[in-house]
Amino acid sequence: MTVAARKRKPADESDAVFDRELSDLPQELRWREWMGRIEAVLFASASPVGRDDLARVVGQGASVEILIDDIQAELTGRPYELAHVAGGWIFRTKTQFAEAIKAAADLGDQSLAFTEIEMGVLCAIAYHQPIDRAGLKDIFGKEVSRDLLARLRYKDLIASGPRSPRPGAPHTFVTTETFLVTFDLQSLRDLPELEILD
């Protein structure tokens with residue numbers, strides 16, 4: 001065997017082109033495989049997956065929305081659901097099972113329990129973003145601690161926004177995709193009207 005022959009790797013599955021169309025399968029099996037692919041992608045993702053990303057694993061003639069509808073229909077009665085949040089889909093447990101999950105396991109850092117002031121600051125940022133610390137002080141009548149903002153940032157609920165036009169161009173704060181997912185919002189337009197909250 002020549003050196004060149006030894007260096008050539010044999011053809012294997014990793015060299016094969018990903019078959020989106022599955023045209024060799026009967027329609028029913030093809031649809032099932034597409035549903036399975038979408039479920040696998042969603043289970044593997046910790047954040048919502050958009051339509052364009054899901055469309056990469058199914059054939060051109062497949063409707064991602066109809067496949068999602070079929071998956072949701074099969075999940076009826078299951079303790080988890082397929083939710084449409086933040087412009088994509090994500091698997092999550094149903095809220096009615098929250099107490100069972102807490103009773104069975106210590107979720108540690110995954111807990112998103114908020115103090116009253118944390119929730120207040122988070123709401124202020126959500127409704128007035130981008131907002132800097134001076135803007136938060138105007139709302140609350142006192143300084144908002146850097147530690148509190150760091151906790152919200154650690155939970156990935158807020159991030160740095162554009163620089164403020166105030167003197168010194170301080171950093172501003174904005175909410176994140178995790179904020180939308182946590183509060184079951186498709187976008188910030190889904191926030192309740194402030195009058196309703198009052």
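What follows is a chat between a trainee and a mentor about a predicted model of one protein chain.

Trainee: Let's start with the basics. How many helices and how many strands are there in the chain?
Mentor: Reading along the sequence, you meet the pattern α-α-α-α-β-β-α-α-α-α-β-β-α-α. Counted up, that gives 10 helices and four strands.

Trainee: And which element has the lowest mean pLDDT?
Mentor: The chain as a whole has a mean pLDDT of 83, with 86% of its residues at 70 or more. Strand β4, residues 173-175, has the highest mean among the elements, at 94. Over residues 1-15, though, the pLDDT is below 50, and that stretch has three contacts beyond near neighbours in sequence. The element with the lowest mean, 46, is helix α1.

Trainee: Why shouldn't I read every part of the model in detail?
Mentor: Have a look at residues 1-15, where the pLDDT is below 50. Predicted coordinates shouldn't be read in detail where pLDDT is low.

Trainee: OK, on to the helices. Are α2 and α4 roughly parallel or roughly perpendicular to each other?
Mentor: Find α2 at residues 27-44 and α4 at residues 64-74; their axes come within 10 Å and cross at roughly 80°. Angles from 65 to 115 degrees count as roughly perpendicular. So for α2 and α4 the answer is roughly perpendicular.

Trainee: How many residues of the contact of α2 with α4 are nonpolar?
Mentor: On the α2 side the contact includes Trp 31, Trp 34 and Met 35, and on the α4 side it includes Ile 66, Leu 67 and Asp 70. No polar residues take part, but four charged ones do. The nonpolar count is nine.

Trainee: What about α6 and α8: at what angle do they pack?
Mentor: Among the residues making this contact are Val 121 and Leu 122 of α6, along with Leu 148 and Leu 152 of α8. The contact divides into seven nonpolar, no polar and two charged residues. α6 is roughly perpendicular to α8. With their axes 11 Å apart, they pack at an angle of about 75°.

Trainee: Now the rings. Why is the pair of Phe 114 and Phe 183 stacked?
Mentor: The structure holds six aromatic pairs, so let's zoom in on this one. The ring centres of Phe 114 and Phe 183 are 6.0 Å apart. Planes under 30 degrees apart count as stacked, and the pair is stacked because its planes sit at 25°.

Trainee: How many residues apart in sequence are the parts that this pair ties together?
Mentor: Phe 114 is in the loop between α5 and α6, while Phe 183 is in the loop between α9 and α10. Phe 114 is partly exposed at 24% relative accessibility, and Phe 183 is partly exposed too, at 29%. The parts tied together by the pair are 69 residues apart.

Trainee: Is Phe 179 buried or exposed?
Mentor: Phe 179 also pairs with Phe 183, with ring centres 5.1 Å apart and planes at 50°, so that pair is tilted. Buried means under 20% relative accessible area. Phe 179 has 4%, so the answer is buried.

Trainee: Which residue does a cis peptide bond join to Gln 129?
Mentor: Look in the loop between α6 and α7, where you'll find the partner. The omega of the bond is about -5°. The residue joined to Gln 129 is Pro 130.

Trainee: Ile 131 is in that loop too. What separation do the C-alpha atoms of Ile 131 and Ser 164 have?
Mentor: Ile 131 is buried, at 7% relative accessibility. Leaving aside neighbours within four places, its contacts include Leu 136, Thr 172 and Phe 173. Ser 164 is 33 residues away along the chain. The C-alpha atoms are separated by 7.5 Å.

Trainee: Last one: where is Thr 175 found?
Mentor: Thr 175 counts as buried, at 13% relative accessibility. Beyond residues up to four places away, it touches residues including Ile 125, Gln 129 and Leu 188. Its place is in strand β4.

How values were computed. Residues numbered from 1 in each chain as written. Predicted model: local features only at pLDDT ≥ 70, side-chain atom pairs only at ≥ 80, totals over all residues. Heavy atoms only, no water. pLDDT = per-residue confidence, 0-100. Helix = DSSP H or I, 4+ residues; strand = E, 2+ residues; numbered from the N terminus. Contact = heavy atoms within 4.5 Å. Buried < 20%, exposed > 50% of the residue type's maximum accessible area, 1.4 Å probe, protein only. Axes fitted to C-alpha atoms, helices over the stretch in contact; angles between N-to-C directions. Parallel < 35°, antiparallel > 145°, perpendicular 65-115°, else oblique. Nonpolar A, V, L, I, M, F, W, Y, C, P; charged D, E, K, R; others polar. Phe/Tyr/Trp six-rings, centres within 6.5 Å; stacked < 30°, edge-to-face > 60°.
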